[in-house]
Each structure stands twice: as C-alpha cells, then as structure tokens.
Amino acid sequence: MDKTRLWNKMQFKMGLLLAICVICASVFIALPTVLISFFAFGKTPEAQGGIFSVIIIICLAVVICVLFLALFFGLKMFNRLTERYLRTLAYTDHLTKLKNRNSFEQDMNDTEKNIKKYTSIILLILDLNNLKDVNDSIGHTYGDQYLRTMASLIHDCFSAHGEVYRIGGDEFAVFARNSNIKQIRDCLLKLETSTGNYNAAMTKYTFSVAVGIAEYDPDEDADLRSVFNRADENMYKDKIIKKNH
C-alpha cells in the first residue's frame, strides 16, 4: 500500500508540474504578443480583427510548441524519477527500511574492485534468535515488530561505522570499511545494552541476537566472500553458545 501511494503521488506531482509549465509558458509568450501587436498595428476594428486572427494562430502554435517541449522534458524527468523509485524498491528492504541483500551484494562487489584503498574491512553477520518461536507462539505481527525493532537498534548502534543491511529473513549484516575492531566491539556492547534495556520493558518475549565477526586479511582471504563465510561460521558458533545458556 505504501508503494502504491508513493507511485500515485509521484504521478500526480508530474502531471501537475506539466500542466503548470504549459499554462505559464503559454501566458508568458502569448500576453506580450497580444499587447505588442495591439499597440503596434493600431486600434481600428479592421486592423484589430486581422491582428487578433494572426495572434490566435501564433498563440495556438506557441501552445503546441510549449506542450511538446513540456512533454519532452516532463518525460525525461519522469523517467529519472521512475528509475530512482525502482532503484529504491530494488535495494531497500520493505519491512525494516534497511538496505537489502541486493544492495549488500552490490557493495561487496564494488568494495572488492577497490579493496586496496581501504585500511580495514570488517564484516558482521547478525541473526535474530527465536524468531520462528515468536511467530509460532504469539503471531507474525509480533514477529515483524521484532524484526523492525532489532533493525532499528542495529542501525542506531552501527551506522556511524558501517552500512547496515537485512540480508535474509532473520539475518542482518554490517559492512564496516576503514573502521577498527575496537570501534566495532564498542558498537556491539552498545547493541547488547540497548537490547537489554528494551527487554527490561518487555513482557511477551526476550529479544537476542547471535553475532559473528570477521576482518579481511589479505594473507588469509582470497576475496570478501571468504570473510563473509568466516563471519557466518562465527555467528553460528555464537548462536549455539547462546542457545545453551
């Protein structure tokens, strides 16, 4: 529904802008033409009749030209806005408003091509614990709220040092470039504190997240996919530890 409203709003704005452009341009060109012709060619009825016939033809021609120009530039602007809108849909997770898996893969590939310009690359994989239990026990509406809440907490804690993505159903990623491991661990502590504070006010369920971290090492990693795999493995190890406690 939000996407439909946004699309309709964009179409309405484009139509309104197009109409205003045509009206303003027509008035701007036609009015001076009428005044100049009237004072230049005299005020007799015969002269005025001939003048106004010519003026009408000129005005119609001007309106048609302006309309075509407005349509041309309006379509160019519309295509640009459409492209931006579709790109937003393609690279944004609808539920959490974070960047999605497509965006994550694109940023990974772009970073891979320019990997030498970064002083450090750190990747975190975060997986929400017990999301299925939440969905099954108290409903998917509450499960969606779980996802949105954790997405907001993760973004607030890590966005100063990296990009935050939702890369799967209950999985998130943080892609930190030119940040050191201490900064990232401080962000993790902040996330633990924020999650704890949120849980203290909860009565239905306790939120928690498993985290895996890996830092790019040119001697160990052939590419960033290797870093991703190590972070993913570390996340599963953390999930097992937290489930056993």
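Buried means under 20% relative accessible area, exposed means over 50%, and partly exposed is in between. Keep that handy, and remember that this is a predicted model.

**Exercise 1. Sort four residues by burial.**

Work out whether threonine 111, lysine 97, asparagine 178 and isoleucine 241 are buried, partly exposed or exposed.

*Solution.*
Step 1. Threonine 111 has a relative accessible area of 0%, so it counts as buried. You'll find threonine 111 in helix α3.
Step 2. Lysine 97 comes out at 54% relative accessibility, and therefore it is exposed. Lysine 97 sits in the loop between α2 (45-91) and α3 (101-113).
Step 3. Asparagine 178 has 42% relative accessibility, so it is partly exposed. Asparagine 178 belongs to the loop between β3 and α6.
Step 4. Isoleucine 241 reaches 49%, so it is partly exposed too. Isoleucine 241 is part of helix α7 (residues 224-243).

While you're looking at those loops, check the backbone as well. Lysine 97 has a phi near 70°, a positive value in a residue that isn't glycine. For asparagine 178, phi is near 65°, again positive in a non-glycine residue.

**Exercise 2. Explore the surroundings of threonine 111.**

Which residues is threonine 111 in contact with, leaving aside neighbours within four places in sequence?

*Solution.*
Step 1. List the contacts: Tyr118, Ile121, Phe175, Arg177 and Leu224.
Step 2. Look for a polar contact. The side chains of threonine 111 and arginine 177 make one, at 2.8 Å.
Step 3. Zoom out to the helix. α3 lies across β1, β2 and β3, and it runs at about 25° to β3.

**Exercise 3. Put the sheet together.**

What is the order of the strands in the four-stranded open sheet?

*Solution.*
Step 1. Read across the sheet: the order is β2-β3-β1-β4, and the pairing is antiparallel.
Step 2. Find the edges. These are β2 and β4, each of which pairs on one side only.
Step 3. Check the twist. On average, neighbouring strands in this sheet are turned by 15° against each other, ignoring direction.
Step 4. Take β1 and β3. They pair in the antiparallel sense over seven bridges. Isoleucine 125 stands opposite alanine 173 in β3, and leucine 126 has phenylalanine 172 in β3 as its bridge partner.
Step 5. Now take β2 and β3. Four bridges join them, antiparallel once more, and the two strands form a hairpin with four residues between them. Arginine 166 stands opposite phenylalanine 172 in β3.
Step 6. Ask how covered β3 is. Six of its seven residues are buried, so you can call it mostly covered.

**Exercise 4. Take the nonpolar core apart.**

Which residues of the largest nonpolar core touch the most other members?

*Solution.*
Step 1. The core has 29 residues, and the ones touching the most other members are Leu124, Leu126, Ile154, Phe158, Phe172 and Leu191.
Step 2. See where the core comes from. The elements giving two or more residues are β1 (121-128), α4 (131-138), α5 (140-158), β3 (171-177), α6 (181-200) and β4 (209-215). α5 provides the largest share, with nine residues.
Step 3. Pick out phenylalanine 158. Setting aside residues up to four places away in sequence, it touches Leu124, Val164, Val174, Ile184, Cys187, Leu188 and Leu191.
Step 4. Don't miss the other core. It is separate, holds 18 residues, and includes Phe104, Phe175, Leu224 and Ala231.

If you're wondering about the bigger idea, nonpolar side chains tend to be buried together in soluble globular proteins.

**Exercise 5. Check the length of α5.**

How does the expected span of α5 compare with the distance between its end C-alpha atoms?

*Solution.*
Step 1. The helix has 19 residues, and at 1.5 Å a residue it should span 27 Å. You multiply 1.5 Å by one less than the number of residues.
Step 2. In the model the end C-alpha atoms are 27 Å apart, so the two values agree.
Step 3. Look at which residues are tucked away. The buried ones in α5 include Tyr142, Tyr146, Thr149, Ile154 and Phe158.
Step 4. Ask what covers them. Covering elements include β1, α4, β2 (163-166), β3, α6 and β4.

How values were computed
Residues are numbered from 1 along each chain as its sequence is written. This is a predicted model: local features need pLDDT of at least 70, side-chain atom pairs count only at pLDDT 80 or more; totals for chains, interfaces and linings use all residues. Side-chain values use heavy atoms; hydrogens and water are left out. A nonpolar core is a set of buried Ala, Val, Leu, Ile, Met, Phe, Trp, Tyr and Cys residues joined through side-chain atoms within 4.5 Å. Buried means under 20% relative accessible area, exposed over 50%, partly exposed in between (1.4 Å probe, protein chains only). Contact means heavy atoms within 4.5 Å. A polar contact is a pair of N or O atoms within 3.5 Å; within protein, one must be able to donate a hydrogen and the other to accept it, and residues adjacent in sequence count only if both atoms are side-chain atoms. Two strands pair if DSSP finds at least two bridges between them. Axes are lines fitted to C-alpha atoms, for helices over the stretch in contact, and angles run from 0 to 180 degrees between N-to-C directions.
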